[in-house]
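Reader: I have just opened my first protein model and would like to learn how its labels are earned. Could you walk me through it?

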Amino acid sequence: MNKIQRGALAALLIVIVVIAALAPAGIGFLFAQRSQRHDEAERLNTVARAALHRAEDVTRRLSGALGEIGKVAATPCSPPYLKELRRIALTHEQVRDAGAYDHDGRWQCSSLLGAVSAGVLDGLTLPPPDWRSRDGIMAWYGLSRLPGGKSSLVMGRNGFYVAADPSLYVDTLDANDEVASGVAVINTEVSRVIATTPATDANAILAVYRTAAPARDCSPYVVRRSVSMPLAVVVSAPHQTLHQRLRTLPWGWLLGGVVVGLACASWAAFFIVRRLSPRGQLTDAVRRHQFIVAYQPIVDLGTRRCVGAEALVRWKYHDRIVRPDHFIPLAEHRGLIQAITDQVLDTILLELGDFLKRYPEYYVSVNLSAQDLTTHRFLDVLGPAIAQQGVRPSQIRIEATERSFLDAEAAKEVISAFRDAGHAVYLDDFGTGYSSLSHLQNFRIDGLKIDKSFVDTVGQDAASSSVASHIIDMATTLDVQVIAEGIEHEEQAAYLYARGAQFGQGWLFSAPLTAAEFIRYAGRTRGA
Ligand code: C2E
Ligand code: CA
Ligand code: CA
């Protein structure tokens, strides 16, 4: 991953962590708001219920009073009649005035002002009613030319009327009420506002009633309709400032969201760091089988014929090939090496299984790590796997370095088991460790691989230039095979062969190959 990709990735991670933190906090905030709105709507509903009840009650009482006037037996507008009207106006506290008019709507008399003859009502005519019920009740909303001068709500029938203060309809509400800022009562048959609380915009309320959607200021509204009368009330919530909203916000939700957000962010950060750490990526690679195997031919130094290959694992990371030196130590450290060893074996059998079955003289050697050599696990995997493919045990050889002898006793035992099962075992990187010699004596092995560093010095004047030769002598004495690694020049091959090394491996012969290339290479050196 280059610097730019790393930067982009880091930015992406920050974005993910921030989202993980903010999303639950945001959801918490939304829930808090919802809960706040729900509470508000509940409160508005309660106010609306009371207001509707009040409006129905006032209407009922006014029609009751109207009914009583209808029953007065005295001649309309006669002194006894006016006396009755006054009595009715007095006994019904909602009734401000009561009176009579003729069939042209001209005023005849009023409980407050007496008969037309008194002069005050002379020539006063009622306008056409704002509403008329099927049974003849009429209503005028907001008549101001009435006796008393104030805007009145008038209900009339058969030539007599009662007038009331419209605010009676809405006086359930305290002016300083925090729950609702405005209440309006509406006649639903003619969509007229009957009464509103002070400072309530009747037109806005009417618009809300008609469209059932909040008007300009976006405050919530509740509309409630009467089932028995053509009445509805609209209650609007007070327009709250941000400060008021924050004060009444259910902070529990928000805090809960923030806590969950922090938890999510930490989890996301942990998860991402883990996934993107080398360890996480390697674990991923194991899970996704992202390993491939290269085969480096091993040749007979005398005949130069290929006798087998060393399987060298590579990690296919996106479009890059990662060398084993860069991930094997980590895999060993993180306990992933055994899974990798198994995948290498699977790949070998998949790619070269048929070849090995057909040509029993060839072998493939597999590099094992310390963990592979502490138990019989790999042997238990190997046995059935090759048996199923028809590959002979002698065709799979084992390479173990000194580093893999950490638990020497266990390694010794496992190596013996491999050999007993028919797998030749080689001591890899021979000469680079502290006690290569003692291992050679203590472990029963089939061969050793002279490390490239000693092959490199062959033919040079360096003090170590004869080490390879000594190693070969020792191996000959102990009767173990020698494979010289990292041969790059013909002189090295000739020298090592002359000293007694039977096998060699290195770029002089071939670099590590794909399976198909290796099969072709083996065919060529066979002379096929
Ligand atoms: P090794 O077992 O000593 O493998 C030989 C290494 O030397 C290979 O490197 C090979 O590509 C390289 N090499 C071969 N001939 C020449 C040459 O002529 N000149 C030069 N300069 N290099 C040459 P590679 O493939 O990078 O492997 C490095 C090491 O990784 C191996 O060293 C081995 O210890 C380890 N390794 C490879 N595959 C596996 C595996 O499947 N399991 C385990 N546990 N370790 C592995
Ligand atoms: Ca090796
Ligand atoms: Ca080696």
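Reader: How far apart are the centres of domain 1 and domain 2?

Author: In this predicted model, the C-alpha centres of domain 1 and domain 2 lie 91 Å apart. Domain 1 covers residues 1-244 + 253-276, and domain 2 covers 285-526.

Reader: What makes Glu310, Asn367, Glu399 and Asp428 donors of the calcium ion (ligand 2)?

Author: For calcium, a donor is an N, O or S atom within 3.2 Å of the metal. The atoms listed for Glu310 (OE), Asn367 (OD1), Glu399 (OE) and Asp428 (OD) sit at 2.1 to 2.3 Å, so they meet that cut-off. Along the sequence, these donor residues follow the spacing E-x56-N-x31-E-x28-D. Glu310 belongs to strand β13 (residues 306-317) and Glu399 to strand β16 (residues 396-401), so this pair ties together parts that are 89 residues apart in sequence.

Reader: Why is Glu310 called buried?

Author: The word applies under 20% relative accessible area. Glu310 has 4%, so the label fits. Glu399 is buried too, at 2%.

Reader: Which residues coordinate the calcium ion (ligand 3)?

Author: The calcium ion (ligand 3) is held by Asp428 (OD), Asp429 (OD) and Glu485, which appears with OE twice, at 2.1 to 2.4 Å. Again the cut-off for calcium is 3.2 Å, so these atoms count as donors. Their residues are spaced D-D-x55-E in sequence. Asp429 is in strand β17 (residues 425-430), while Glu485 is in the loop between β19 (481-484) and α14 (490-499), so the pair ties together parts that are 56 residues apart in sequence. Asp429, at 17% relative accessibility, counts as buried, and so does Glu485, at 10%.

Reader: How do you know that Asp428 bridges the two calcium ions, ligand 2 and ligand 3?

Author: Asp428 coordinates both ions, and they are 4.0 Å apart.

Reader: What makes the approach of Glu488 to ligand 1 a polar contact?

Author: Such a contact is a pair of N or O atoms within 3.5 Å. An N or O atom in the side chain of Glu488 is 2.6 Å from a nitrogen atom of ligand 1, so the pair qualifies. Asn367 uses a backbone N or O atom, 3.2 Å from a nitrogen atom of ligand 1. Glu485 has a polar side-chain atom 3.3 Å from an oxygen atom of ligand 1. There are 23 residues around ligand 1, with Gln296, Glu310, Lys452, Glu488 and Trp507 coming nearest.

Reader: Which members touch the most others in the largest nonpolar core?

Author: Phe418, Leu448 and Leu496 do, in a core of 77 residues. Helix α8 (residues 337-358) gives the most to this core, with nine residues. Beyond its neighbours within four places in sequence, Phe418 has contacts that include Leu368, Leu373, Phe378 and Ile398. Another core of 45 residues lies apart, and Val58, Leu62, Val95 and Ala164 are among its members. In soluble globular proteins, nonpolar side chains tend to be buried together.

Reader: What does the side chain of Thr525 reach?

Author: The side chain of Thr525 reaches the backbone nitrogen of Cys306 at 3.0 Å. A polar atom of that side chain also lies 3.2 Å from the backbone oxygen of Ala522. Thr525 is found in helix α15 (residues 515-526). Leaving aside neighbours within four places in sequence, Thr525 is in contact with Arg304, Arg305 and Cys306.

How values were computed:
Residues are numbered from 1 along each chain as its sequence is written. Chains are lettered from A and ligands numbered from 1 in the order in which they are written. This is a predicted model: local features need pLDDT of at least 70, side-chain atom pairs count only at pLDDT 80 or more; totals for chains, interfaces and linings use all residues. Side-chain values use heavy atoms; hydrogens and water are left out. Domain bounds come from an automatic or database domain assignment. Donors are N, O and S atoms within 2.8 Å of the metal (3.2 Å for Na, K and Ca); water is not among the atoms, so sites may look incomplete. Helices (H or I, at least four residues) and strands (E, at least two) are DSSP runs, numbered from the N terminus. Buried means under 20% relative accessible area, exposed over 50%, partly exposed in between (1.4 Å probe, protein chains only). A nonpolar core is a set of buried Ala, Val, Leu, Ile, Met, Phe, Trp, Tyr and Cys residues joined through side-chain atoms within 4.5 Å. Contact means heavy atoms within 4.5 Å. A residue is near a molecule or strand if one of its heavy atoms lies within 4 Å of it. A polar contact is a pair of N or O atoms within 3.5 Å; within protein, one must be able to donate a hydrogen and the other to accept it, and residues adjacent in sequence count only if both atoms are side-chain atoms.
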